[in-house]
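Hi,

Here is the structure I promised to send over. Have a look at it first, and my notes on what turned up are underneath.

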Amino acid sequence: MIILLTGTPGTGKTTISPLLVEELNCTLIDINQLVDEKQLYTGLDAKKGYKVVDMAALEGELQKIIDKKEDDLCVIIEGHLSHYFPLADFVIVLRTEPSVLEERLTKRDWESSKIHENLEAEALDICTWEAYQTHGSRVHEVDTTNITPQKAVNIILKIIYGEKSHPPGDIDFSGFLTG
Ligand SMILES: Nc1ncnc2c1ncn2[C@@H]1O[C@H](COP(=O)(O)OP(=O)(O)O)[C@@H](O)[C@H]1O
Ligand SMILES: [Mg+2]
């Protein structure tokens, strides 16, 4: 089983993934860590200070790790680029209402333009939309705005066990853009 845990920065991927790993007894692949470790980037965007990730190399590395695993494969791939990986049983997109996301992101040492870019992406459902292009009905959205990380994990477990479905479309944060 391959679970991709994606979402705009600050929606809770890094907080939730170890809890989910414990429940499912899965292997965790942290994309940010993998990109740094294996230097899977082509350079730096000088203006924004982002690393430009080499997506083909990243996919190759992920595939290598998965190929090495035994038959009882259970992997959680965590990171806001994880939904670009073409293989998945479940794609969980974490969502957060942009004004709450703003509170979470202002705690990071980020330029305000970078924060606002991400708030806008969240309001426009960018991650969900991108994930849906590749993974269709395997995509589920979980809103972490007003719940604890453990509650979010419980919802994800219900999705994985087939007890619940959270298809894209129910969440609408577009009000953030119009004020
Ligand atoms: N339900 C929730 N799930 C996950 N994180 C939450 C939740 N509610 C509040 N948070 C907080 O939001 C922040 C999410 O940060 P992080 O997990 O690093 O996000 P990401 O890895 O997606 O960038 C943490 O400070 C976490 O404590
Ligand atoms: Mg993270």
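In this predicted model, the axes of α1 and α7 come within 9 Å of each other, with a crossing angle of roughly 50 degrees. At that angle α1 counts as oblique to α7, and the crossing is right-handed. If you want to click through the contact, pick T15, I16, L19, L20 and E23 on the α1 side. Facing them from α7 are P149, Q150, A152, V153, I156 and L157. By class, that contact has eight nonpolar residues, two polar ones and one charged.

Those two helices turn up again around the ligand. Ligand 1 is surrounded by 15 residues, and the closest are G12, K13, T14, T15 and T144. Which elements give two or more residues to that shell? They are α1 (13-24) and α7 (149-160). The largest share, four residues, comes from α1. As for the chemistry of the shell around ligand 1, I get five nonpolar, eight polar and two charged residues.

Next, the sheet. It is open and built from five strands in the order β2-β5-β1-β6-β7, with parallel pairing. Each of β2 (27-30) and β7 (139-143) has a single partner strand, so these two stand at the edges and one side of each has no neighbour in the sheet. From one strand to the next the twist averages 20 degrees. Inside the sheet, β1 (residues 2-7) and β6 (residues 90-95) run parallel and are joined by five bridges. To find one of these pairings on screen, go to G7, whose bridge partner in β6 is L94.

And where does α1 sit relative to the sheet? It lies across β1, β2, β5 (75-78) and β6, and runs at about 175 degrees to β5.

There's another helix pair to look at, α4 (residues 98-106) with α5 (residues 112-123): their axes come within 10 Å and cross at roughly 150 degrees. That angle is over 145, which makes α4 roughly antiparallel to α5. The crossing of α4 past α5 is right-handed. On the α4 side the contact uses P98, L101, E102, L105 and T106, and these meet I115, N118, L119, E122 and A123 in α5. Sorted by class, the contact of α4 with α5 comes to six nonpolar, two polar and two charged residues.

Shout if anything looks odd when you open the file.

Cheers

Notes
Residues numbered from 1 in each chain as written. Chains lettered and ligands numbered in written order. Predicted model: local features only at pLDDT ≥ 70, side-chain atom pairs only at ≥ 80, totals over all residues. Near = placed C-beta within 6 Å. Nonpolar A, V, L, I, M, F, W, Y, C, P; charged D, E, K, R; others polar. Axes fitted to C-alpha atoms, helices over the stretch in contact; angles between N-to-C directions. Parallel < 35°, antiparallel > 145°, perpendicular 65-115°, else oblique. Left-handed = near helix turned anticlockwise from the far one by under 90°. Contact = placed C-beta atoms within 7 Å. Pairing = 2+ DSSP bridges.
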